[in-house]
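Please read the following with the sequence and the coordinates open side by side. The account starts from an open space in the fold and works outward to the chain as a whole.

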Amino acid sequence: MIPLVRYMFTVLLLSQRYLAPLLLFVGLAAVLTSSDTGPLSATYAAVAGAMLLCSTWLTMALIGLEDQPHRAIVVISAGSHRRVLLGSVATAAAWCLLLTVAGLALPLLFGTHTVRFADLVLGTEAQLGCAFIGMAIGLVCSRLVFRRQGYALLFALVLLMAVMLGKGVSPVNIMMTDLQHATNSADVLGSTGVLVAAAAVLLAGGTAVTHAITVKKS
């Protein structure tokens, strides 16, 4: 699995298709947290929203790198569709982890905050939770599921709106609401951790659905 992830990481790096979602993330983080002096919990909620968009775009770009014949060669070399798909998920997760580090640091550079350890943990949880859901959306809206990218983009936008606006239902919406109203990051660490676990379950479900459709099409 490690050689497969290394290969996909390198291919994405050389393709430079990571640049657009990376610039989107940095730009949104800069705009949303510039000159901010409020609680870091609300600030990291904004950064997590940027992570949601970036992780969706990044996942779709990663899976869309290879055309069908090239992907068939990779599948044969890896041994199964499942291994290739899991490699794609692991590669997208690695990129999101790198962005999470940036997402923790950028608000501290652009704004003025008193930083506590609980703030950094909460920021990490929020970004990872949104990254998991963004990756799940990116998988089910990828070229593996939709051959026409116009339909894929439209479906991705619908899902993104649903997870951001689904009050009381979506882990993203619940997480954002909790973070924006929190006065102490330590108070919402536990509830946010539960939401991250729910997001991981959704990612697993998105991976399973994508794998089933891929196998059916092949």
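In this predicted model, the second largest pocket is lined by Ile133, Ala136, Ile137, Val140, Leu159, Val163, Ser170, Pro171, Leu202, Gly205, Gly206 and Val209. The space that lies in this second largest pocket comes to about 210 Å³. Three helices, namely H6 (117–140), H7 (149–165) and H9, each supply at least two residues of that lining. By class, the lining of the second largest pocket has 9 nonpolar and 3 polar residues, and no charged residues.

Helix H6, one of the contributors to that lining, deserves a look of its own. It has 24 residues, and the distance from its first C-alpha to its last is 35 Å, which is close to the 34 Å expected at 1.5 Å a residue. Of the 24 residues of H6, 19 are buried, so this helix is largely enclosed by the rest of the structure.

From there one can turn to the largest pocket, which has a volume of about 340 Å³. It is lined by 15 residues, of which Gln68, Arg71, Leu144, Arg147 and Thr214 are the closest to its centre. Helix H4 (68–78) and helix H9 (189–217) each supply at least two residues of this lining, and H4 gives the most, with 5 residues. Helix H9 is therefore a contributor to the largest pocket as well as to the second largest pocket, in the sense that a lining residue has an atom within 4 Å of a point of the pocket. The composition of the lining of the largest pocket is 5 nonpolar, 4 polar and 6 charged residues, whereas no charged residues occur in the lining of the second largest pocket.

The enclosed space can be treated next. How many cavities of 30 Å³ or more does a search of the whole structure find? The search finds 1 such cavity, and about 60 Å³ of space lies in it. The residues that line this cavity are Met8, Val11, Leu62, Ile63, Leu65, Glu66, Arg71 and Ser88, and the elements that give two or more residues to its lining are helix H1 (2–15) and helix H3 (40–63). By class, the lining of the cavity divides into 5 nonpolar residues, 1 polar residue and 2 charged residues. Arg71 appears in this list of cavity-lining residues, and Arg71 is also among the residues closest to the centre of the largest pocket.

The two helices that line the cavity also hold residues that help to gauge distances across the model. Leu4 lies in helix H1 and, at 10% relative accessibility, counts as buried, while Tyr44 lies in helix H3 and counts as buried at 0% relative accessibility. Leu4 and Tyr44 are 40 residues apart along the chain, and their C-alpha atoms are separated by 32 Å. Between Leu4 and Asp119, which are 115 residues apart along the chain, the C-alpha separation is 35 Å.

The cysteines can be considered in a similar way. The structure holds 0 disulfides, and Cys54 is accordingly in no disulfide, with the nearest cysteine sulfur, that of Cys96, 6.5 Å away. Why does Cys96 form no bond with Cys54? The sulfur of Cys96 is 6.5 Å from that of Cys54, its closest cysteine sulfur, and this is too far for a bond, because a disulfide calls for a pair of cysteine sulfur atoms within 2.5 Å. Both residues count as buried, Cys54 at 1% relative accessibility and Cys96 at 2%.

It remains to place these features in the chain as a whole. The secondary structure of the protein chain comes to 9 helices and 0 strands, so that the pattern read along the sequence is α-α-α-α-α-α-α-α-α, under the assignment of helices and strands as DSSP runs. The radius of gyration of the chain is 17 Å, close to the 17 Å that the globule rule gives for 218 residues, so the chain is as compact as a globular protein of that length. Along its principal axes the C-alpha trace spans about 50 × 35 × 30 Å, and 46% of the 218 residues count as buried.

Methods. Residues numbered from 1 in each chain as written. Predicted model: local features only at pLDDT ≥ 70, side-chain atom pairs only at ≥ 80, totals over all residues. Heavy atoms only, no water. 1 Å grid on protein atoms, 1.4 Å probe; cavity = no way out; pocket = protein on both sides within 12 Å on 5 of 7 lines; lining within 4 Å. Points joined across faces, edges and corners; volume = space filled by probe spheres on them. Nonpolar A, V, L, I, M, F, W, Y, C, P; charged D, E, K, R; others polar. Expected span 1.5 Å × (residues − 1). Buried < 20%, exposed > 50% of the residue type's maximum accessible area, 1.4 Å probe, protein only. Rg over C-alpha atoms; globule rule 2.2 N^0.38 Å.
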